[in-house]
Amino acid sequence: MEKVVSGIRPTGNLHLGNYFGAVTNFVRMQNDYNCYFFIADWHSLTTHPKPEDIVQSVDTILAEYLACGLDPEKSTIYVQSDVKEVLELYLFLNMNAYLGELERVTTFKEKARKQPDNVNAGLLTYPTLMASDILIHRALKVPVGKDQEQNMEMARKCARRFNNIYGVDFFPEPQSFYFSEKAVKIPGLDGSGKMGKSEGNCIYLKDDAKTIQKKVMKAVTDSGPTQPNSPKPEVIENLFTFLNIVSEPDTVKFFEEKWNDCSIRYGDLKKQLAQDIIKFTDPIRERIAQYSADKDLLHKIAAQGADKARQSAQETIKEVRHIIGFR
(Lines give C-alpha, C1' and ligand atoms only; values in the text may rest on other atoms or scores of the structure.)
Protein backbone atom coordinates (compact mmCIF):
# COMPACT_ATOMS: atom_id res chain seq x y z
CA MET A 1 0.00 0.00 0.00
CA GLU A 2 1.09 3.57 -0.63
CA LYS A 3 2.76 5.33 2.28
CA VAL A 4 0.95 8.35 3.71
CA VAL A 5 2.44 10.66 6.34
CA SER A 6 0.66 13.31 8.36
CA GLY A 7 1.63 15.32 11.40
CA ILE A 8 -0.69 16.05 14.32
CA ARG A 9 -0.11 19.36 16.06
CA PRO A 10 -0.07 19.05 19.88
CA THR A 11 -2.09 22.22 20.41
CA GLY A 12 -4.70 21.25 22.97
CA ASN A 13 -7.98 19.41 22.84
CA LEU A 14 -9.89 18.31 19.76
CA HIS A 15 -13.20 19.96 18.91
CA LEU A 16 -16.08 18.97 16.65
CA GLY A 17 -14.48 20.81 13.73
CA ASN A 18 -11.34 18.68 14.08
CA TYR A 19 -13.42 15.53 14.40
CA PHE A 20 -15.40 16.00 11.20
CA GLY A 21 -12.30 17.29 9.40
CA ALA A 22 -8.91 15.64 9.74
CA VAL A 23 -9.76 12.99 12.33
CA THR A 24 -12.52 11.18 10.43
CA ASN A 25 -10.37 11.31 7.30
CA PHE A 26 -7.42 9.77 9.14
CA VAL A 27 -9.63 7.00 10.49
CA ARG A 28 -10.92 6.26 7.00
CA MET A 29 -7.44 6.37 5.45
CA GLN A 30 -5.93 3.78 7.75
CA ASN A 31 -7.97 1.07 6.04
CA ASP A 32 -6.61 1.83 2.56
CA TYR A 33 -3.07 3.20 3.04
CA ASN A 34 0.13 2.49 4.95
CA CYS A 35 -0.29 5.44 7.32
CA TYR A 36 2.29 7.14 9.53
CA PHE A 37 0.71 9.60 11.94
CA PHE A 38 3.03 11.49 14.27
CA ILE A 39 2.55 14.01 17.06
CA ALA A 40 4.76 16.93 16.06
CA ASP A 41 6.30 17.87 19.40
CA TRP A 42 9.52 19.22 17.85
CA HIS A 43 7.49 21.63 15.75
CA SER A 44 5.87 22.98 18.91
CA LEU A 45 9.26 24.25 20.14
CA THR A 46 9.01 27.24 17.78
CA THR A 47 6.72 28.83 20.40
CA HIS A 48 8.87 27.81 23.41
CA PRO A 49 6.32 25.77 25.41
CA LYS A 50 7.02 24.69 28.99
CA PRO A 51 8.34 21.13 29.42
CA GLU A 52 5.26 20.01 31.34
CA ASP A 53 3.03 21.38 28.57
CA ILE A 54 4.79 19.28 25.94
CA VAL A 55 4.30 16.05 27.91
CA GLN A 56 0.68 16.81 28.73
CA SER A 57 -0.16 17.85 25.17
CA VAL A 58 1.34 14.69 23.68
CA ASP A 59 -0.64 12.44 26.05
CA THR A 60 -3.83 14.44 25.48
CA ILE A 61 -3.63 14.36 21.70
CA LEU A 62 -2.76 10.66 21.62
CA ALA A 63 -5.68 9.77 23.92
CA GLU A 64 -8.14 11.82 21.88
CA TYR A 65 -7.10 10.44 18.50
CA LEU A 66 -7.28 6.89 19.83
CA ALA A 67 -10.72 7.62 21.26
CA CYS A 68 -11.84 8.87 17.85
CA GLY A 69 -10.82 5.66 16.12
CA LEU A 70 -7.15 5.71 15.14
CA ASP A 71 -6.02 2.12 15.47
CA PRO A 72 -2.36 1.37 16.31
CA GLU A 73 -2.83 -2.05 14.70
CA LYS A 74 -3.71 -0.39 11.37
CA SER A 75 -1.60 2.79 11.53
CA THR A 76 1.86 3.67 12.77
CA ILE A 77 1.21 6.28 15.47
CA TYR A 78 4.28 7.81 17.08
CA VAL A 79 5.77 10.89 18.69
CA GLN A 80 8.06 12.87 16.38
CA SER A 81 10.88 13.21 18.92
CA ASP A 82 11.10 9.43 19.32
CA VAL A 83 12.50 9.10 15.79
CA LYS A 84 15.91 10.80 15.86
CA GLU A 85 16.63 9.97 12.22
CA VAL A 86 14.24 12.81 11.32
CA LEU A 87 16.75 15.29 12.74
CA GLU A 88 19.62 13.88 10.71
CA LEU A 89 17.65 14.21 7.49
CA TYR A 90 16.58 17.69 8.61
CA LEU A 91 20.27 18.62 8.82
CA PHE A 92 21.01 17.27 5.34
CA LEU A 93 18.02 19.05 3.81
CA ASN A 94 18.95 22.34 5.50
CA MET A 95 22.37 22.17 3.84
CA ASN A 96 20.62 22.41 0.48
CA ALA A 97 17.92 24.94 1.44
CA TYR A 98 18.45 28.63 0.76
CA LEU A 99 17.73 31.60 2.98
CA GLY A 100 15.77 33.55 0.36
CA GLU A 101 13.32 30.75 -0.40
CA LEU A 102 12.72 30.04 3.29
CA GLU A 103 12.08 33.70 4.04
CA ARG A 104 9.45 33.84 1.28
CA VAL A 105 7.30 31.11 2.84
CA THR A 106 3.97 32.63 3.84
CA THR A 107 3.65 30.72 7.10
CA PHE A 108 7.07 32.01 8.22
CA LYS A 109 6.11 35.61 7.46
CA GLU A 110 2.82 35.23 9.33
CA LYS A 111 4.48 33.66 12.38
CA ALA A 112 7.19 36.33 12.39
CA ARG A 113 4.50 38.99 12.38
CA LYS A 114 2.59 37.36 15.23
CA GLN A 115 5.65 36.76 17.43
CA PRO A 116 8.17 39.48 16.50
CA ASP A 117 10.19 38.88 19.68
CA ASN A 118 10.63 35.18 18.91
CA VAL A 119 11.61 34.88 15.24
CA ASN A 120 13.81 31.83 15.74
CA ALA A 121 15.66 29.58 13.29
CA GLY A 122 13.08 26.86 13.89
CA LEU A 123 10.40 29.09 12.42
CA LEU A 124 12.56 29.78 9.39
CA THR A 125 13.39 26.13 8.75
CA TYR A 126 9.95 24.76 9.62
CA PRO A 127 9.43 23.71 5.95
CA THR A 128 12.60 21.60 5.91
CA LEU A 129 11.64 19.86 9.16
CA MET A 130 8.23 19.18 7.66
CA ALA A 131 9.94 17.87 4.52
CA SER A 132 12.10 15.60 6.68
CA ASP A 133 9.00 14.25 8.45
CA ILE A 134 7.61 13.25 5.05
CA LEU A 135 10.71 12.18 3.14
CA ILE A 136 12.09 10.07 6.01
CA HIS A 137 9.38 7.53 5.09
CA ARG A 138 9.56 8.31 1.36
CA ALA A 139 5.83 8.95 1.50
CA LEU A 140 3.85 9.52 -1.66
CA LYS A 141 0.88 11.36 -0.18
CA VAL A 142 0.32 13.87 2.60
CA PRO A 143 -3.19 14.89 3.73
CA VAL A 144 -2.95 18.65 4.30
CA GLY A 145 -5.08 21.76 4.27
CA LYS A 146 -4.73 24.52 1.71
CA ASP A 147 -2.67 26.57 4.19
CA GLN A 148 0.14 23.98 4.00
CA GLU A 149 0.42 23.84 0.22
CA GLN A 150 3.45 26.14 0.09
CA ASN A 151 5.23 23.94 2.64
CA MET A 152 4.33 20.92 0.52
CA GLU A 153 5.94 22.58 -2.51
CA MET A 154 9.07 23.07 -0.40
CA ALA A 155 9.01 19.35 0.45
CA ARG A 156 8.84 18.50 -3.25
CA LYS A 157 11.64 20.99 -3.92
CA CYS A 158 13.79 19.33 -1.25
CA ALA A 159 13.22 15.92 -2.84
CA ARG A 160 14.02 17.20 -6.36
CA ARG A 161 17.09 19.10 -5.22
CA PHE A 162 18.53 16.11 -3.35
CA ASN A 163 17.97 13.86 -6.37
CA ASN A 164 19.51 16.40 -8.76
CA ILE A 165 22.56 17.20 -6.61
CA TYR A 166 23.50 13.56 -6.13
CA GLY A 167 22.30 12.24 -9.49
CA VAL A 168 19.83 9.76 -8.06
CA ASP A 169 16.13 9.01 -8.20
CA PHE A 170 15.76 8.28 -4.51
CA PHE A 171 13.13 10.56 -3.01
CA PRO A 172 9.65 10.59 -4.55
CA GLU A 173 7.96 13.99 -4.76
CA PRO A 174 5.15 13.82 -2.18
CA GLN A 175 1.75 15.00 -3.32
CA SER A 176 -0.87 16.83 -1.30
CA PHE A 177 -3.78 14.52 -0.65
CA TYR A 178 -7.32 15.86 -0.66
CA PHE A 179 -10.31 13.62 -0.16
CA SER A 180 -12.76 13.30 -3.01
CA GLU A 181 -15.67 13.64 -0.64
CA LYS A 182 -16.43 17.23 0.34
CA ALA A 183 -15.27 17.91 3.88
CA VAL A 184 -17.89 18.92 6.41
CA LYS A 185 -17.26 22.48 7.53
CA ILE A 186 -18.29 22.87 11.15
CA PRO A 187 -19.36 26.43 12.00
CA GLY A 188 -18.46 28.19 15.19
CA LEU A 189 -20.99 29.12 17.85
CA ASP A 190 -20.35 32.83 17.37
CA GLY A 191 -22.43 32.97 14.21
CA SER A 192 -19.82 33.06 11.48
CA GLY A 193 -16.72 31.40 10.11
CA LYS A 194 -15.66 27.94 11.22
CA MET A 195 -15.02 26.35 14.56
CA GLY A 196 -11.51 27.09 15.84
CA LYS A 197 -9.59 27.26 19.11
CA SER A 198 -8.28 30.77 18.56
CA GLU A 199 -11.80 32.08 17.95
CA GLY A 200 -13.11 30.64 21.22
CA ASN A 201 -16.21 29.23 19.51
CA CYS A 202 -15.60 25.51 20.01
CA ILE A 203 -17.38 22.53 21.41
CA TYR A 204 -14.58 20.21 22.54
CA LEU A 205 -14.92 16.46 22.45
CA LYS A 206 -14.04 16.37 26.15
CA ASP A 207 -16.78 18.84 27.15
CA ASP A 208 -19.33 17.44 29.57
CA ALA A 209 -23.10 17.76 29.15
CA LYS A 210 -23.43 20.87 31.28
CA THR A 211 -20.66 22.68 29.39
CA ILE A 212 -22.11 21.76 26.00
CA GLN A 213 -25.58 22.91 26.98
CA LYS A 214 -24.24 26.21 28.27
CA LYS A 215 -22.25 26.84 25.07
CA VAL A 216 -25.10 25.96 22.73
CA MET A 217 -27.62 28.11 24.58
CA LYS A 218 -25.29 31.09 24.08
CA ALA A 219 -25.06 30.52 20.31
CA VAL A 220 -25.78 33.63 18.25
CA THR A 221 -29.24 33.91 16.65
CA ASP A 222 -31.42 36.69 15.20
CA SER A 223 -34.96 38.00 15.79
CA GLY A 224 -36.52 35.23 13.70
CA PRO A 225 -38.11 34.93 10.24
CA THR A 226 -40.66 37.53 9.19
CA GLN A 227 -41.82 35.89 5.96
CA PRO A 228 -42.64 32.23 5.21
CA ASN A 229 -39.95 30.20 3.40
CA SER A 230 -37.43 33.02 3.60
CA PRO A 231 -33.67 32.31 3.27
CA LYS A 232 -31.83 31.70 6.51
CA PRO A 233 -29.17 34.21 7.56
CA GLU A 234 -25.71 32.77 8.22
CA VAL A 235 -26.09 32.60 12.01
CA ILE A 236 -29.24 30.46 11.66
CA GLU A 237 -27.86 28.37 8.81
CA ASN A 238 -25.00 27.49 11.15
CA LEU A 239 -27.41 26.04 13.70
CA PHE A 240 -29.14 23.99 11.01
CA THR A 241 -25.73 22.74 9.86
CA PHE A 242 -25.23 21.37 13.37
CA LEU A 243 -28.70 19.80 13.29
CA ASN A 244 -27.99 18.06 10.00
CA ILE A 245 -24.81 16.57 11.44
CA VAL A 246 -25.93 15.31 14.86
CA SER A 247 -29.74 15.11 14.82
CA GLU A 248 -32.26 12.66 13.38
CA PRO A 249 -33.81 13.57 10.00
CA ASP A 250 -37.23 13.96 11.61
CA THR A 251 -35.78 16.52 14.01
CA VAL A 252 -34.27 18.51 11.17
CA LYS A 253 -37.54 18.34 9.23
CA PHE A 254 -39.50 19.56 12.26
CA PHE A 255 -37.38 22.69 12.71
CA GLU A 256 -37.26 23.35 8.96
CA GLU A 257 -41.05 23.44 8.97
CA LYS A 258 -41.06 25.70 12.01
CA TRP A 259 -38.67 28.07 10.20
CA ASN A 260 -40.70 28.06 7.01
CA ASP A 261 -44.00 28.91 8.77
CA CYS A 262 -42.30 31.53 11.01
CA SER A 263 -43.19 29.71 14.24
CA ILE A 264 -39.65 28.64 15.18
CA ARG A 265 -38.52 29.11 18.77
CA TYR A 266 -34.75 29.32 18.99
CA GLY A 267 -34.74 28.26 22.61
CA ASP A 268 -36.40 24.95 21.68
CA LEU A 269 -34.00 24.47 18.78
CA LYS A 270 -30.95 25.07 20.97
CA LYS A 271 -32.18 22.71 23.69
CA GLN A 272 -32.70 19.95 21.13
CA LEU A 273 -29.36 20.67 19.47
CA ALA A 274 -27.50 20.55 22.80
CA GLN A 275 -29.19 17.26 23.65
CA ASP A 276 -28.19 15.74 20.31
CA ILE A 277 -24.59 16.98 20.50
CA ILE A 278 -24.29 15.50 23.99
CA LYS A 279 -25.66 12.17 22.74
CA PHE A 280 -23.14 12.21 19.88
CA THR A 281 -20.06 13.17 21.91
CA ASP A 282 -20.72 11.17 25.11
CA PRO A 283 -19.20 7.88 23.85
CA ILE A 284 -16.13 9.72 22.55
CA ARG A 285 -15.72 11.63 25.82
CA GLU A 286 -15.91 8.39 27.79
CA ARG A 287 -13.21 6.80 25.64
CA ILE A 288 -11.02 9.89 26.00
CA ALA A 289 -11.30 9.60 29.79
CA GLN A 290 -10.42 5.90 29.67
CA TYR A 291 -7.34 6.39 27.52
CA SER A 292 -6.22 9.47 29.47
CA ALA A 293 -6.35 7.55 32.72
CA ASP A 294 -4.16 4.74 31.40
CA LYS A 295 -0.76 6.38 30.91
CA ASP A 296 0.99 3.02 30.66
CA LEU A 297 -1.16 2.08 27.67
CA LEU A 298 -0.57 5.44 25.98
CA HIS A 299 3.18 5.13 26.41
CA LYS A 300 3.11 1.50 25.19
CA ILE A 301 1.24 2.50 22.03
CA ALA A 302 3.65 5.41 21.43
CA ALA A 303 6.67 3.12 21.96
CA GLN A 304 5.35 0.49 19.56
CA GLY A 305 4.64 3.18 16.97
CA ALA A 306 8.13 4.61 17.41
CA ASP A 307 9.68 1.18 16.78
CA LYS A 308 7.78 0.85 13.48
CA ALA A 309 8.58 4.42 12.44
CA ARG A 310 12.28 4.05 13.29
CA GLN A 311 12.54 0.92 11.16
CA SER A 312 11.25 2.86 8.15
CA ALA A 313 13.38 5.92 8.99
CA GLN A 314 16.58 3.92 9.48
CA GLU A 315 16.23 2.32 6.06
CA THR A 316 15.94 5.77 4.49
CA ILE A 317 18.77 7.43 6.41
CA LYS A 318 21.14 4.52 5.69
CA GLU A 319 20.63 5.07 1.96
CA VAL A 320 20.89 8.87 2.31
CA ARG A 321 24.26 8.60 4.09
CA HIS A 322 25.55 6.30 1.37
CA ILE A 323 24.34 8.64 -1.42
CA ILE A 324 25.92 11.71 0.21
CA GLY A 325 29.20 9.93 0.82
CA PHE A 326 29.21 9.09 4.53
CA ARG A 327 30.30 5.56 5.36
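**Loops, strands and a charged patch**

Arg 138 lies in the loop that connects helix H7 (126–135) with strand S4 (141–143), in a structure that is a predicted model. The phi of Arg 138 is positive, at about 50 degrees, although this residue is not a glycine. As background, most residues other than glycine have a negative phi.

**Residues with a positive phi**

- Arg 138 is partly exposed, because its relative accessible area of 35% falls in between the limits of under 20% for buried and over 50% for exposed.
- Cys 262, which is found in the loop between helix H11 (249–260) and helix H12 (266–293), also has a positive phi, near 65 degrees, and is likewise a residue other than glycine.
- With a relative accessible area of 28%, Cys 262 is partly exposed.

**Strands S2 and S3**

- Strand S2 (residues 34–39) and strand S3 run parallel and are joined by 4 bridges, and within this pairing Tyr 36 stands opposite Thr 76 in S3.
- In strand S3 (residues 76–79), Thr 76 and Tyr 78 point one way while Ile 77 and Val 79 point the other way, and all of them are buried.
- In general, the side chains of a regular strand alternate between the two faces of the sheet.

**A positive surface patch**

- Arg 9, Lys 111, Arg 113 and Lys 114 together form a positive patch on the surface.
- Lys 111, one of the residues in this patch, is placed in helix H5 (residues 106–114) and is partly exposed, with a relative accessible area of 39%.
- The value of 39% for Lys 111 is compatible with its place in the patch, because patches are made of residues with over 30% relative accessible area and no salt bridge.

Note on methods. Residues numbered from 1 in each chain as written. Predicted model: local features only at pLDDT ≥ 70, side-chain atom pairs only at ≥ 80, totals over all residues. Heavy atoms only, no water. Patch = residues over 30% accessible without salt bridge, like charges linked within 9 Å, V, L, I, M, F, W, Y side chains within 5 Å. Areas by Shrake-Rupley, 256 points an atom, 1.4 Å probe, with all protein chains shown as cover. Salt bridge = Lys/Arg side-chain N within 4 Å of Asp/Glu carboxyl O. Lys, Arg positive; Asp, Glu negative; His and termini not counted. Charge placed at Lys NZ, Arg CZ, Asp CG, Glu CD. Helix = DSSP H or I, 4+ residues; strand = E, 2+ residues; numbered from the N terminus. Buried < 20%, exposed > 50% of the residue type's maximum accessible area, 1.4 Å probe, protein only. Pairing = 2+ DSSP bridges.
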